[in-house]
Amino acid sequence: MVSWDIWAAFVGYAIGFVLAIIFSLKWYKRFE
Amino acid sequence: MVSPLTIMVLVAYFAILLVIGIVAMRRTKTLEDFYVGGRQISGWVTALSFFTTYFSAVIFIGGAGMGWVWGLPIVWKDVPSVIIGTALAFMIIGPPLRVMTEKLGALSVAEYIEKRYDSKLAGLTATVIIFTGMFFYTISLLIGMGVATEIIVGIPYLTALWICVIVTLIYTALGGYFGQAWTQAVQAIVMLLIAVIVAVVALNAVGGLGALSTKLEAINPSLARWPYLNFTALLPFMLSLGFLGWGNPALILRFFSIKGTRAFRWSVLIAVFFVAITSLCINLASPVARVLYPNLPKPDAAMPHLVKDLFPPGFDAFFLVGVLAASMSTLTALLIVMSQCIVRDIVPKIRTLPEKRAVMLSRVVMVVVALICATLATSPPPMLVTIFAVTTALLAGVLVGPVVYGLYWRRVTAPSCACAMMAGFIAVIAVCAYGGFQFPWTYYAWIPAIILSLALPPIISVFTKPPSEELLSKIFAKTK
């Protein structure tokens with residue numbers, strides 16, 4: 001069974017995607 | 001003995017790169033074309049270029065070796081530095097850097113610092129640090145590339161080294177940034193595909209992720225869960241939040257070349273997708289090697305062993321192409337930056353060259369520097385790993401503060417930038433010297449340097465003369 005702390009690292013990968021989605025939906029407009 | 005299939009695959013791969021280089025040469029007319037692709041590179045090519053510049057053969061060989069040593073906790077290594085760091089680089093540094101470098105007419109990171117702070121000293125300091133950092137990075141990269149090729153298919157180290165250097169030099173010197181970016185886009189797709197295939201087959205061989213965890217735990221519980229083995233070696237990566245990448249001029253140069261701020265919108269998604277999936281795949285595949293080969297004499301051989309044993313004969317040729325793609329794509333980016341340091345940052349201070357001669361000189365300098373690095377890589381200088389670690393820390397410790405504050409804060413002053421650079425430099429050298437230039441001190445040296453680099457400019461700027469309104473209006477003027 002995979003330990004919880006390893007699953008937590010996978011959440012870290014997901015955070016990268018979340019940041020990228022926030023940027024591409026809204027953040028980039030600040031620089032236009 | 002190298003198989004005919006390996007030779008055929010390599011020849012086909014090199015031919016594609018050379019054709020791209022020749023096509024790119026026709027687009028390269030000015031120095032701006034040569035160094036930043038005329039600032040006309042599309043968002044998706046920029047994303048793939050960023051990904052391949054970031055990932056060298058280290059991810060397939062040394063990185064996979066770390067996975068063999070640490071087991072599943074290796075998945076933590078790339079989270080702050082690569083995954084979140086990439087997203088934040090595109091969010092915080094990319095768009096303003098693109099806008100400001102165009103206003104300033106800057107084609108290199110050192111030129112951006114010089115013009116942003118209106119300080120020749122700051123520019124020259126950045127040039128020296130960048131060139132030195134890139135020089136030793138290139139030698140380390142070439143050694144890794146030669147060793148990897150020797151391990152995977154048995155091509156002798158020196159043969160592999162010179163073939164790869166010459167092919168990379170031809171398409172980079174001819175095609176400049178266009179050649180670099182387009183070949184990197186092809187190489188990115190190759191790298192991602194190889195990583196995904198290796199991960200799927202490797203996990204399947206041990207019965208999936210849950211079974212892998214159970215088997216690692218049977219060898220040593222620390223290979224599957226907290227507390228981790230040798231955590232001090234993992235910690236610097238987990239603290240970095242991408243700072244080590246932000247201080248890499250070869251990486252942030254990608255942002256100079258993108259064709260506009262709107263192109264960042266999709267670029268960030270593609271970049272994060274490629275870095276996250278590739279690193280996750282390698283980080284999940286490499287612990288499988290620990291289960292299958294618990295007594296491997298050299299951790300770096302983990303991935304080549306997996307490829308040889310789990311795949312049909314001949315796949316190693318494709319794996320080699322993935323490793324070479326990773327190395328050559330980073331090498332081409334480093335060559336461009338080193339050429340910039342000489343031709344864009346130093347030569348104009350001595351004499352002004354016509355555009356065509358400057359482009360020709362850029363090509364000549366690139367060839368000379370690459371040949372010097374390759375010659376040094378044939379008999380590596382002593383303490384190369386230490387020099388590489390120190391120069392990486394220096395790049396981050398010297399550049400991150402001035403680059404970031406220069407983008408966002410009007411009040412930041414040239415003396416504060418100079419002090420931050422000097423303090424970052426002294427901090428890295430002092431920490432390394434205190435630790436006798438040994439691990440783990442060389443790995444931790446960037447941390448106090450980054451803290452000083454970010455803390456000093458706000459304090460010193462308050463007590464020094466503000467930048468002139470003329471300079472600020474030029475830098476921060478709204479563009480239509």
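Start with chain B of this predicted model. Its domain assignment gives two selections: domain 1, residues 4-381, and domain 2, residues 386-480. Colour them separately. The C-alpha centres of domain 1 and domain 2 of chain B lie 24 Å apart.

Next, select the contact between these domains. Domain 1 of chain B gives 33 residues to this contact, and domain 2 of chain B gives 30. Stay on the domain 1 side. Pick out α5, α6 (109-117), α7 (120-153), α10 (231-239) and α11 (243-246) of chain B; each supplies at least two residues of the side that touches domain 2 of chain B. Which helix supplies the largest share of that side of domain 1? Highlight α7(B): the largest share, eleven residues, comes from there. Now colour the domain 1 side by class. It shows 22 nonpolar, eight polar and three charged residues.

Move to chain A. Its secondary structure is one helix and zero strands. Turn the C-alpha trace of chain A along its principal axes: the span is about 45 × 10 × 5 Å. Chain A has 32 residues, and 22% of them count as buried.

Finally, select where the two chains meet. Chain B brings 31 residues to the contact, and chain A brings 19. On the chain B side, show α5 (78-104), α9 (209-219) and α14 (264-292); each supplies at least two residues of the side that touches chain A. Zoom in on α5(B), the source of the largest share of that side, eleven residues. Colour by class once again. The side of chain B that touches chain A has 23 nonpolar, five polar and three charged residues.

Before leaving, keep α5 of chain B selected. This helix supplies at least two residues of the domain 1 side that touches domain 2 of chain B, and eleven residues of the side that touches chain A.

Notes
Residues are numbered from 1 along each chain as its sequence is written. Chains are lettered from A and ligands numbered from 1 in the order in which they are written. This is a predicted model: local features need pLDDT of at least 70, side-chain atom pairs count only at pLDDT 80 or more; totals for chains, interfaces and linings use all residues. Helices (H or I, at least four residues) and strands (E, at least two) are DSSP runs, numbered from the N terminus. A residue is buried if 20 or more other C-beta atoms lie within 10 Å of its own, exposed if 12 or fewer, and partly exposed in between; C-beta atoms are placed from the backbone. Two residues are in contact if their C-beta atoms, placed from the backbone, lie within 7 Å. Ala, Val, Leu, Ile, Met, Phe, Trp, Tyr, Cys and Pro count as nonpolar, Asp, Glu, Lys and Arg as charged, and the others, Gly among them, as polar. Domain bounds come from an automatic or database domain assignment.
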